[in-house]
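Here are some exercises to work through with the viewer open. Try each one yourself before you read the solution.

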Amino acid sequence: MNYKKQDYRVVLVANSHTRANRLAEDLREEGIAAFYSENADRIVQPKEVMIVYGNLRKGFEYPTIKFVIMSDSDIFGAERKKKRHHSDYKGSNIGGINELSFGDYIVHENYGIGIYRGIEKIEQKDVIKDFIKLEYAADGVVYVPATGLHALQKYASADTEKKPKLNKIGGQEWRNTKNRVRTSVRNIAKELVNLYALRQQTEGHAFCQDTVWQQEFEELFPYTETDDQLQAIEDTKKDMESSKIMDRLICGDVGYGKTEIALRAAFKAVSDGMQVAILVPTTILAQQHFNTFYSRLMDFPVSVDMLCRFRTKQEQDKIITKLRKGQLDIVIGTHRLLSKDVAFKNLGLLVIDEEQRFGVAHKEKIKQMRGNVDVLTLTATPIPRTLHMSMIGIRDMSVLEEPPVDRLPIQTFVMEQNDEIIREAIQRELARNGQVFYVHNRVLDIAEVTRRVQEMCPDANITFAHGQMNERQLEKIMFEFINGEIDVLVSTTIIETGMDISNVNTIIIDNADKMGLSQLYQLRGRVGRSSRTAYAFLMYQRNRVLKEVAEKRLEAIREFTDLGSGVKISMRDLEIRGAGNLLGAEQSGHMEAIGYDLYCKMLNEAVRNLKGEIQEEEEFDTTVEFDMDAYIPATYIKNEMQKLDMYKRIASIESEKELEEMQEELTDRFGDMPACVNWLLNISYIRFLAHQGYVEKLICKNGFFVLRMYEKARLDVGRIPEFMSHFAKQMQMTPGKAPSFTYQISQRVLQKKNKLDILDEVKNVLNELVAIRLEDHKKKGES
């Protein structure tokens, strides 16, 4: 320490008593005269370090009197809390309609799977409107009005390379497919709701409140927790302290602090005299978790061990005996933990990391192991927003979407294989005392590739690793790499999950065009786990013509550099995989059949119906026709993607407030609104109101408008005369199987010749109609 050499007197301010004591011990071990004191009047001598408890953001120095005051953040790094508006997480957003390109597959709820063929402006009876052109099988074409975009989604499935079959217009095939999926969705929704209710009713172990040790243990966490992390920790503890059985899913991007949540939950369980099992899919991940748990728990009376192929038969038998006798608190293991000979004396918490990577047989054993035990599941696969919405209330879920403090995006380069760039990238990383992953996914010539890389960088310590190696040899290499003895590790994709080494900040991936998007994403996530800038080089063979699919994939991963940016279109296959993992393989097939977004919409409706939040309704569509221009002129919004995005958002206006917000946003972004855009916004809101009031068709022209009702409209028939009485002689009803109402617009409004006044009058009538819906009447009676 420079200050010691210069005979300085040092005061170090720590933000917790535990950390202050620990710092004093650590500094003494380094041969520095350090002590912790609660006496602020104690005079510090030259070459001494006094550690006191307090809060100080940044230290300062008096060179003339050789005196310095430091804060612990000067040593561990500043605890920068971002000020941000923290909204409740609703999941990642699947790529929206605004990401549609000409020729993309789309799903229309009524017509099925078709192809997007752009926006066309059509004039009908002197009225101009924009339509979305969709192409179907057998040369079928559908023009969807811009106000009908709510029924349109971009087609998405887990297999991005497989082209979906186009539907025929007017055929029964789409209707049959939808009905088949709806039945299946209802069944799985019922299963999920019942399972959740059962878990809520079953009594489990109620863990005690946090102990003093728990606080001390948590204070030793060397980083600043993110808001999401703190919320997840709080929710997990609440679950554990209740008598209900915990079944919580922690979902967060690679390196977003899921392990710390598991650590704190495990410590809580052990403090209450219970055992903890941590189940992981790979041996390397088991080793990593073991290292983390061991180093964090070494100063506490908590025993931790690991059960996997890295242990000899003798060692494994010893661990199993300890578990049975209750002499081991925490065990971390692979599927070896699921063997028949493994039994616990008092298992209280099961932590499952990346459950979807276990096979079917293992999953069955996990189910049996769960029993009445609290379960915490960790996953790095993003859970899509639409699915997350459906799962609220049937699955307890915590999502970490906020990147850790100081985390930087990974700089990603896609290029031809180039030895000069490889050499420079490795040397640059080694110059800043870092380490490098070089991924080559062929065991056959991995030794040859390693020799080639060694020739490029003769001073570096380079070795290779792959899954076919002897366990002991693999363990030795991994240990050496984790301990920084190896500079460059040439390996197959075995490093894809679980290798968490903050010192590795450059990854070079050979033949990246042959890998799937999710695999590339997981591999790239192995770097960039500290405050340093990380680099990823995705390389393909020289003079090789890339397949279109591979090119798109590499382009997507290059663009996709934002932190935790599961919202990007390139995450689509990962998210859909996340959905499949959560709901099972059969459901993945149904998602394939009708497109991902529509599937989630159906699931959401089925769950809400079962929970009594909404009535199950027959499907009907609402169309509205006004004799006024309602479109976005090309002179107002020139970019077609932006225009499409706006149309989609306008089509989803559901309140006066949303209507006003949209008007403000358009004016702010694109300038004063042309009248036809304002009319479009109002007509879109009118379509929503009409649908709420069970109107199948609304036609407004020549001073009248007609409301043609849906034949199964759930209206309070006894209140129809009351509804009509609001409008005296202006309203007439035509009875029938599907009745209709005809309304004469007041002369006062017509004389003004202001079309917005006409639209306001239509809204007024529809609001009165919505008020006589059966469910609304019931709610009023109940309250």
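**Exercise 1: the whole protein.** How much area does the protein expose, and what share of it do carbon and sulfur atoms supply?

Solution. Keep in mind that this is a predicted model. The protein exposes about 37600 Å², and carbon and sulfur atoms supply 48% of that area. Next, look inside: of the 783 residues, 51% are buried. Then go through the secondary structure, which comes to 26 helices and 28 strands. Finally, take the contacts with a separation of 6 or more: 73% of them join residues 24 or more positions apart.

**Exercise 2: helix H2.** Work out what span helix H2 should have, and compare it with the distance between its end C-alpha atoms.

Solution. Helix H2 covers residues 17–29, which is 13 residues. The expected span is 1.5 Å times one less than the number of residues, so H2 should span 18 Å. Its end C-alpha atoms are 19 Å apart, which agrees. Now for the buried side of things: Thr18, Arg19, Ala20, Leu23, Ala24 and Leu27 are buried in H2. A general point helps when reading such a list: an α-helix has 3.6 residues a turn, so residues three or four places apart point the same way. Just after H2 comes glycine 31, with a positive phi of about 85°.

**Exercise 3: salt bridges.** Find the partner of glutamate 48, of glutamate 135 and of arginine 264, and say whether each residue is buried or partly exposed.

Solution. Side chains of opposite charge can pair when their charged atoms come close. The cut-off here is 4 Å between nitrogen and carboxyl oxygen, and the count comes to 34 salt bridges.

- Glutamate 48 meets arginine 42 at 3.6 Å, N to O. Glutamate 48 is buried, at 15% relative accessibility, while arginine 42 is partly exposed at 33%.
- Glutamate 135 pairs with arginine 117, with the closest N and O atoms 2.9 Å apart. Glutamate 135 lies in strand E8 (residues 127–136) and arginine 117 in strand E7 (residues 112–124), so the bridge ties together parts 18 residues apart in sequence. Glutamate 135 is partly exposed at 28%, and arginine 117 is partly exposed at 24%.
- Arginine 264 pairs with glutamate 225 at 2.7 Å between the closest N and O atoms. Arginine 264 sits in helix H7 (residues 258–271) and glutamate 225 in the loop between helices H5 (212–219) and H6 (227–241), so parts 39 residues apart in sequence are tied together. Arginine 264 is buried at 3%, and glutamate 225 is buried at 18%.

One more step: follow that last pair outward. Arg264 and Glu225 belong to a network of salt bridges whose members include Asp210, Lys237 and Arg296.

**Exercise 4: odd phi angles.** Where are alanine 138 and asparagine 433 found, and what is the phi of each?

Solution. Start from the background: most residues other than glycine have a negative phi. Alanine 138 has a positive phi near 55°. Alanine 138 is in the loop between E8 and strand E9 (140–145), and is exposed at 61%. Asparagine 433 has a positive phi of about 60°. The place of asparagine 433 is the loop between helix H12 (419–431) and strand E19 (435–439), where asparagine 433 is exposed at 62%.

**Exercise 5: a surface patch.** Which residues form a nonpolar patch with about 300 Å² of accessible area together?

Solution. The patch consists of Phe60, Tyr62 and Ile65. Phenylalanine 60 lies in strand E4 (residues 60–62), and is partly exposed at 37%.

Methods:
Residues are numbered from 1 along each chain as its sequence is written. This is a predicted model: local features need pLDDT of at least 70, side-chain atom pairs count only at pLDDT 80 or more; totals for chains, interfaces and linings use all residues. Side-chain values use heavy atoms; hydrogens and water are left out. A salt bridge is a side-chain nitrogen of Lys or Arg within 4 Å of a carboxyl oxygen of Asp or Glu. Buried means under 20% relative accessible area, exposed over 50%, partly exposed in between (1.4 Å probe, protein chains only). Helices (H or I, at least four residues) and strands (E, at least two) are DSSP runs, numbered from the N terminus. Contact means heavy atoms within 4.5 Å. Accessible areas come from the Shrake-Rupley method with a 1.4 Å probe; for residues, only the protein chains shown count as cover. Patches are made of residues with over 30% relative accessible area and no salt bridge: like charges are joined within 9 Å, nonpolar side chains (Val, Leu, Ile, Met, Phe, Trp, Tyr) within 5 Å.
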